[in-house]
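Dear colleague,

Please find below the structure that I am handing over to you, together with its sequence. My findings follow directly after it.

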Amino acid sequence: PTLHRRTLRLPSPHRPPTMKTAAVAAFALFAAQASAFAPSTPSPARPSFALSDTAATAADAAPAEVDSNFDDVNLVRVLGLQRLKNIQRRHRRELNARIKNFDVVQDGEGEWVEATEEQSAAMKAEANAAKPKTKPFKRPSKKSATALSATASDDAEGGDAPGGGPLRLIIAGAPASGKGTQCEVLKEKYGVVHLSTGDMLRAAVAEGTEVGKAAKDYMDAGKLVPDEVIIGVVKDRLEQEDCKTNGWLLDGFPRTPAQADALSAAGVSADCFLFLNVPDSVLVERVVGRRTDPETGKIYHMTFSPPDEEEVAARLVQRSDDTEEKVVVRLEQFHANVEAVRGSYEEVGVEIDGNVAPAEVTEAIAKAIESKVAARA
């Protein structure tokens, strides 16, 4: 039978420590250490604050005899609020990691207990079986356009349209509009190749292609790479086998009307142009609050997703262009070009409200793609 995470109750010695147990254990150890150094009766042979035999025995035994109640003890006053918060965060992270690895299950009372090897193996097998298989998205024929499915796997069964092929997408949005999050979702859902100009330029330079060499000359000289070179890099990348087979997602390109015109002249067209619309005031708040961990590269937000550890928070840095003044300038530049770019993709363009929960944005994007692809079938 299928095993679920709420089916087993193990004896209490096998239970992972709860938040309360962890805090109480810390207090008990603290109390034992304090009592071990309590003043003892002075004697010529031993200083007054020497470790007594009774205290030493109590200190050794205390961790193994923790009273898990401590109902009348103010742990906040004894350990400090910040220390208790750190214990809670550490416990939550450890528990989440064990849940993710299928090391624990929930018993009938909703408490997490240690999972057996058989249970862990069964839960992993069940999770793998439920994981959706990503297939390249292919546009349906006119005959099956009205039956377009919401999932990539169903879409792949629709067949190719005459002269058609895999899905071709462009996504645009201001800094901090949520493009990165939605690109990851689109890549996973439809199996398309995620492409940014920065990645494509670096790859072309590394491969030593003709356009890559041209781009390298400009980059080494500290100059901006001109549009004709960038278009050449993009076109070469789109002609590679993975893009032809799986389709592609251009992230933030084209940025200007000239780039859009050049891309069209090169014979590159899209099935759907997605524009994430977020108010400037929200964008400014999102950008100004961003911080980066220089050691891990992870990005945090001091309001929406701050780090749990004080040590991590202390080393976070802010990008030099993530100030309010510079963000406003970047947004002005973005708005000066984006409307003209959208005009180049008016037939396939869809505006998405990016000022809602990410899941709602994802749902709106999926519906927009279905609509545009079906209309062009």
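Among contacts in the protein between residues at least 6 apart in sequence, what percentage join residues at least 24 apart? The figure is 67%. Please bear in mind throughout that this is a predicted model.

Overall composition

The protein has 377 residues, of which 34% count as buried. Its secondary structure consists of 16 helices and nine strands. The area that the protein exposes is about 21,700 Å², and 53% of this is supplied by carbon and sulfur atoms.

Strand β3 and its partners

Strand β3 covers residues 168–173, and five of its six residues are buried, so the strand is largely enclosed by the rest of the structure. Two pairings of this strand may be described here. With strand β5 (residues 248–251), β3 pairs in the parallel sense over four bridges; within that pairing, I170 has L250 as its bridge partner. With strand β6 (residues 272–277), β3 again pairs in the parallel sense, over five bridges, and here A172 stands opposite F275.

Residue Q182

Helix α7 spans residues 179–190 and contains Q182. Is Q182 buried or exposed? Its relative accessibility is 3%, which is under the 20% limit, and Q182 therefore counts as buried. The side chain of Q182 makes a polar contact of 2.8 Å with the side chain of T362. Leaving aside neighbours within four places in sequence, the residues in contact with Q182 are I171, L276, P358, V361, T362 and I365. Of these, I171 lies within the span of β3 (residues 168–173), L276 lies within that of β6 (residues 272–277), and P358, V361, T362 and I365 lie within that of α16 (358–376).

The cavity

Q182 also appears in the lining of the largest cavity. The count of cavities of 30 Å³ or more comes to one, and the volume of the largest is about 30 Å³. Which residues line this cavity? They are Q182, V185, L186, K189, Y190, T362, I365 and A366. Helices α7 and α16 each supply at least two residues of this lining, and the largest share, five residues, comes from α7. T362, the partner of Q182 in the polar contact, is thus also listed in the lining of the cavity, as is I365, another residue in contact with Q182.

With kind regards

Methods
Residues are numbered from 1 along each chain as its sequence is written. This is a predicted model: local features need pLDDT of at least 70, side-chain atom pairs count only at pLDDT 80 or more; totals for chains, interfaces and linings use all residues. Side-chain values use heavy atoms; hydrogens and water are left out. Buried means under 20% relative accessible area, exposed over 50%, partly exposed in between (1.4 Å probe, protein chains only). Contact means heavy atoms within 4.5 Å. Accessible areas come from the Shrake-Rupley method with a 1.4 Å probe; for residues, only the protein chains shown count as cover. A polar contact is a pair of N or O atoms within 3.5 Å; within protein, one must be able to donate a hydrogen and the other to accept it, and residues adjacent in sequence count only if both atoms are side-chain atoms. Two strands pair if DSSP finds at least two bridges between them. On a 1 Å grid over the protein atoms alone, a cavity is a set of points where a 1.4 Å probe fits but cannot get out, and a pocket is an open set with protein on both sides within 12 Å along at least five of seven lines; lining residues have an atom within 4 Å of a point. Grid points are joined across faces, edges and corners, and a volume is the space filled by probe spheres set on the points.
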